[in-house]
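I am opening a notebook page on this protein chain and want to look up how its aromatic rings, one of its helices and its nonpolar cores are arranged.

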Amino acid sequence: MPVAKPESSDPRVIAHVDMDCFYVQVEQRKQPQLRGLPTAVVQYNEWKGGALIAVSYEARKFGVKRSMRGAEAKEVCPQIQLVQVPVARGKADLNGYRNAGSEVVSILSRRGRCERASIDEVYLDLTNAAETMLAENPPQNLEKIDDEALKSHILGLNNEDGSDVKENVREWINRHNADHRDKLLACGILIVAELRMQVLKETEFTCSAGIAHNKMLAKLASGMNKPAQQTVVPSSSVNGLLNTLPIRKMKQLGGKLGISLQTDMGVNTVGDLFQFPEEKLQERYGINTGSWLWNIARGISGEAVEGRLLPKSHGSGKTFPGPRALKTVPSVQHWLNQLCEELSERLCSDLDQNKRMAHTLTLHARAYKSSDSDSQKKFPSKSCPLRYGTGKIQEDAFNLFQAGLREYIGFYGVKTQGSQYSGWGITSLSVSASKIVPIPSGTCSIAKYFHGQSTPHFSSMQSLDNVNANAEATLLLPPGSECYTEVNSPKAEVDFPKEESWIEDTVPDLDLQEHKDLSSSLSKTQDGFTQDISPSLLSGTEGCLEQNQNKQERYITKDEGQFKSEYKERKGKRVKDKGTGTPSILELFKSYNPHPLGSSLSQELKKTAQGTGARLIIGFEPKGHNSLAEQNEVGKEEKPMHGRRSSRDEGDGRREAWSYNIDEIDPTVMDELPQEIQDEIKAWVQPHKWRPNNTARRGCKISHYFSPTKKS
Ligand code: DCP
């Protein structure tokens, strides 16, 4: 649920910048002869001319819309130029668009904290830049104001018929008697206009922007005047902006909460929401959500701009509409392999360029059953710890799919169908990698990890006796602290590529989106998690080596002397001057042979596991394993599984991937679970620490959650 955060009393200057018809602009830059012509980018699937995924503003004038297919667009605009999205592995290849977005981000991040929100959207916190401008060169003293700034739309500014609109804007910017908030916005107008012009000059792309005192209002404003314009929301205009705004247009209200407000409370506009007392909203939706709703109805939002230039997750997906639905397990496996290959490439590239590793692999699918009264049932999304290496990701994703399918159609349906059609179809598939954290740097270097010198993951192991206490402390820093800042600082020598994005034919699930938003707010309320690197995660990075061998090397600032000299020998002149001369992470992995089961680390793991005898299976069961629910059924109790082990655990090498010593539960995986389940697990793991929060709801026990017949 969203957490209500009061807006800081100090006014902020926030901008939301959104590229105009982004994919079209990227294609027009590649083919300049298309500039100024009605143009659209169409999806890979060519049926009826392909689905339109981006439409130029020239084409929009003819009534061409994104919901159309190419053939339909040709009917309303015969001269339209249709450009097919680039293709790789039988699906859209968005790398060119991601990289183009990164070019823009690197320019926009020059004036303040920058949060990359999607492939073509960015939030900027320009408060410091605006305060500095106000102190040193306030707008009221400016004689010359750039035309781009004068073209701004200031909500609430009275542009009477016949008055010179630009002159009105100039007066507003130059006002001496404006309050501090408006003066800051005036600075914001100038800064954003300048940034947008810089983007145009350096990339040839136009963008539009909203400028306000918080993210929510800035985002609402950026879409109001497109293309290539900016819109400003002074405090005095907030109520006017929100009053008639449909409730579902608000961030986080596009899903179930928005529907509930409409159907249960009769709220259709933000103005309707404004009428409800805070207590009433809290009564219906809980304290936090109620307050949050009350605040947003007034345009109040304390959500901060996160300093994040890199994506929070990577995803790859594809839809299979109508007759293209996948109806056999082998066909699903074929496509999963393609998607996982792409995902793995992006993970390797992220590891290589940004020194980051993802911890959680998630599979989403949409499905139908042709002969079932339960046609509303959704295909369950499944997650597991992410292991690096294309083959491992493929294997794990396929296991996740099978676990989901078992739950969706029932165990026997999966068992009996083989490669025969058995009444189900998959209409969309996607895999994503999330919980991406930087590899701890400095004292907690990856080399030390391999040499067993420090890692919180193994810090409890007796045999790893040379644990460096300082290193451990560094590792335990929550996200957002040292390690993270280093990677995200605009000055850091990192590329800013790759944004989380889903190809057009991956239909984003609004409910899932809402869930994502809500769970991210939730996770912020929890303790910072340990930035550990699990062995399952590390084994397999050797796959990245091959994939990246021919790529330009980037360097990490670490002190692994032995690797450094080896590296220099091998790479010699490939050392770039912007790097530090220290080895690339990939080189580092080359020097190590991380066999998942044969490694000493794995042996340590096994020893520890045997020592405590405590294991917990999270999320789903691999083939040949009892599910947690099954285990509980056998034991006829819902209790922590200390000391309990399935007999089928023995001798199955894959067990390492799915089951845990309870000391080693990956907190990032726990974040995926419902709060009450998280509390329950935490109470088992660290009773002294978590018992106060152990408020599991009745009927929401862990066995319910994992059970295929889960009702709650
Ligand atoms: N996109 C996609 N599939 C969708 C929606 C969008 O592939 N269903 C891609 C193509 C868009 C890009 O994402 O160019 C950005 O989407 P926007 O919604 O921001 O739309 P545009 O940038 O195309 O146009 P606008 O100027 O209206 O923002």
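The entries below follow what I looked up, beginning with the rings.

**Entry on aromatic pairs.** I keep in mind that this is a predicted model. I looked for aromatic pairs and found seven in the structure. For Phe22 and Tyr23, I noted ring centres 6.3 Å apart and planes at 55°, and since an angle under 30 degrees would count as stacked and one over 60 as edge-to-face, I put this pair down as tilted. Both Phe22 and Tyr23 are buried. I then turned to Phe379 and Phe401, which form a stacked pair, with 5.5 Å from centre to centre and 15° between the planes. Where do the two partners of this pair sit in the chain? I found Phe379 in the loop between strand 14 and strand 15, and Phe401 in helix 16, 22 residues apart, so that the pair links distant parts of the chain. I checked accessibility too: Phe379, at 5%, counts as buried, and Phe401 is buried with a relative accessible area of 0%.

**Entry on charges over rings.** I looked next for charged side chains above rings, and noted Arg298 over the face of Trp294, at 3.9 Å from the ring centre. I also noted Lys369, whose charged end sits over the ring of Tyr408, 4.5 Å from its centre.

**Entry on helix 5.** Which residues are buried in helix 5 (residues 127-136)? I listed Thr127, Ala129, Ala130, Met133 and Leu134. Looking down the axis of helix 5, I saw that these buried residues fall within an arc of 165°, so they line one face of the helix. On the other side of helix 5, I found Asn128, Ala135 and Glu136 exposed. Among the elements that cover the buried residues, I wrote down strand 8 and helix 8.

**Entry on the cores.** The largest nonpolar core has 55 residues, and within it Tyr23, Tyr97 and Leu124 touch the most other members. Helix 8 gives the most to this core, with 11 residues. Why do I place this core between domain 1 and domain 2? I do so because both domains give residues to it. I looked more closely at Tyr97, which, leaving aside its neighbours within four places in sequence, is in contact with residues including Val26, Val41, Pro86 and Ile119. Tyr97 also belongs to one aromatic cluster with Phe22, Tyr23 and Phe205. Apart from the largest core, I recorded another one of 35 residues, among them Val329, Trp335, Ala365 and Phe398.

How values were computed:
Residues are numbered from 1 along each chain as its sequence is written. This is a predicted model: local features need pLDDT of at least 70, side-chain atom pairs count only at pLDDT 80 or more; totals for chains, interfaces and linings use all residues. Side-chain values use heavy atoms; hydrogens and water are left out. Rings of Phe, Tyr and Trp (its six-membered ring) pair if their centres lie within 6.5 Å; planes under 30 degrees apart count as stacked, over 60 as edge-to-face and the rest as tilted. Buried means under 20% relative accessible area, exposed over 50%, partly exposed in between (1.4 Å probe, protein chains only). Helices (H or I, at least four residues) and strands (E, at least two) are DSSP runs, numbered from the N terminus. A charge sits over a ring if NZ of Lys or CZ of Arg is within 6 Å of the ring centre and within 35 degrees of the ring normal. The arc is that of the directions from the helix axis to the C-beta atoms. Contact means heavy atoms within 4.5 Å. A nonpolar core is a set of buried Ala, Val, Leu, Ile, Met, Phe, Trp, Tyr and Cys residues joined through side-chain atoms within 4.5 Å. Domain bounds come from an automatic or database domain assignment.
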